[in-house]
Amino acid sequence: MVSLAEKMAANMDVSAFSKATELKKRLWFTVLALVVFRLGTFIPLPGIDPHILSDIFARNSNGILGMFNMFAGGALERMTIFALNIMPYISASIILQLGQSVIPSLAALKKDGEAGHRRMTHYTKMLTVLITIIQGYGIAVGLEGMTGSAGVSAVVNPGFVFKFTTVVSLVGGTMFIVWLGDQITSRGVGNGSSLIITVGIIANIPSALAQTFELGRVGSMSLGVIAMLMVMVLALIYVIVLVERAQRKITIQYPKRQMGARMMASENSHLPLKINPTGVIPPIFASSLLLLPITIANFSAENGPSWVQTLSQLLGHGQPLYLSLYAALIIFFAFFYTAVVFNPEETAENLKKHGGFIAGIRPGKNTADYLDYVITRLTVLGAAYLTALCILPEILISKLSVPFVLGGTTLLIVVQVTMDFVGQLQSHLIAYQYEGLIKKAALANRGKRR
């Protein structure tokens, strides 16, 4: 049963939204930017035969190419200027974040505030260009070696001109997506990079459902299995929402304080720690590092050396080596990114400065050790949750040849980003309501003075 307070809050949100013109502008900007992104996924690279390319992907749709195509929103299958999506930028971010742990000059940028952040963003974009050039050249070479069922090459005129135009087009497309993501983050609503990935996944859901139902129609999959998959998807969504909202609240106590002539009573507050503080970062980072090298190996497997063909088979979707590497990368990034976003020593020092303490724990180093102990245990649970959520459905999907959109990784990204998007909408509405109350209070004070 919905409480009266919740109903009032909902009514306030609706009325505030109808008057929040700034929020409406942000929403329209976000929608239009995402529409531009989707239009770009249909602009093909020059010099490629679309019919031969479609035949090649039809033969490899259940492999690793199909999974990367899902993250690219179908752009890889059509081999468009957005074929690499925003993955090179994510790879560059991973490399530089890892570099901050070992390179003192990069680590010092954290302490430079906004200036350090701008320099780090600049380095990330420069590295993105370099990564895209390397990956674009690999894709161009791989495309020249790919042939359809009739033995016809997918490239109309192979050679230097094709390689050059492919690399330039992919670099331009990737950097445009990076710029578009930045614009969504600053002028729209939500995290631009996450929204771009999510929109690409959502765009594939109708075709994935149609493909699944087609398997049932032709008898390749029983209705019972399809029903089980639908129940599994709903169960995964419920588990994701449940775990992502779960928190471990640590009680923080503040002693009595003298505020001018008044004595403030002791207060209690909570330090909320999420079970999964990293959100969708570990699966996205793991996919980014794992998919592109495997994709390039798949492109060159047909005409490449025998070891490339063997590696391509071992790293096929659903194979033990692929699943093991994927799980290991998810666990690594779960711990790594938790260490990036939460610093026990810094949190303990801030509590000590403000007079807060945890009952039974001495301020300072003991508090830091306790927080480190708690966050480590939570990270173990979060890493196990992410690994099970991403790996177990992948095993089932690879056995049943179900589209990747119905897997745990994609559902986690879509649900988590949607929850973050709704949370930011509520934050904008609350800020607008407070701004309205302040204006009303100021007008009331002016009226009294008159």
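How many bridges join strand β1 to β4? Let's keep that question in mind as we walk through this predicted model, starting with the strands and moving on to a pair of helices.

First, the overall picture. The protein chain contains 16 helices and five strands. Of its 450 residues, 44% are buried. We can also look at how the chain meets itself: among contacts between residues at least 6 apart in sequence, 74% join residues at least 24 apart.

Now for the opening question. Strand β1, which covers residues 247-254, is joined to β4 by eight bridges, and the two run antiparallel. You can follow individual partners along this pairing. Arg 248 has Leu 273 of β4 as its bridge partner, while Lys 249 is bridged to Pro 272 in β4.

Strand β1 has another partner as well. With β5 it pairs over two bridges, again in the antiparallel sense. Here, Gln 253 has Phe 357 of β5 as its bridge partner. Put together, these three strands form an open sheet, in the order β4-β1-β5, with antiparallel pairing. What stands at the edges of this sheet? Those places belong to β4 (267-274) and β5 (357-358); each has a single partner strand, so one side of each is left without a neighbour in the sheet.

Let's turn to the helices, where one packed pair is worth following. Two packed helices are described by the angle between their axes and the distance between the axes. For helix α7 (residues 113-145) and helix α8 (residues 160-187), the angle is about 140° and the axes lie 8 Å apart. Because of that angle, α7 counts as oblique to α8; the cut-off for roughly antiparallel is over 145 degrees. The crossing of α7 and α8 is right-handed.

Which residues make the contact between them? From α7, they include Lys 125, Thr 128, Val 129, Ile 133, Gly 136, Tyr 137 and Glu 144. From α8, among them are Phe 162, Lys 163, Val 167, Leu 170, Met 175 and Asp 182. Sorted by character, the residues of this contact are 12 nonpolar, five polar and four charged.

To trace all this on the structure, you might begin at β1, with β4 and β5 as its partners in the sheet, and then look for α7 and α8 where they pack at about 140°.

Technical notes
Residues are numbered from 1 along each chain as its sequence is written. This is a predicted model: local features need pLDDT of at least 70, side-chain atom pairs count only at pLDDT 80 or more; totals for chains, interfaces and linings use all residues. Side-chain values use heavy atoms; hydrogens and water are left out. Axes are lines fitted to C-alpha atoms, for helices over the stretch in contact, and angles run from 0 to 180 degrees between N-to-C directions. Helices (H or I, at least four residues) and strands (E, at least two) are DSSP runs, numbered from the N terminus. Angles under 35 degrees count as roughly parallel, over 145 as roughly antiparallel, 65 to 115 as roughly perpendicular and the rest as oblique. A crossing is left-handed if the near helix is turned anticlockwise from the far one by less than a right angle, and right-handed if clockwise. Contact means heavy atoms within 4.5 Å. Ala, Val, Leu, Ile, Met, Phe, Trp, Tyr, Cys and Pro count as nonpolar, Asp, Glu, Lys and Arg as charged, and the others, Gly among them, as polar. Two strands pair if DSSP finds at least two bridges between them. Buried means under 20% relative accessible area, exposed over 50%, partly exposed in between (1.4 Å probe, protein chains only).
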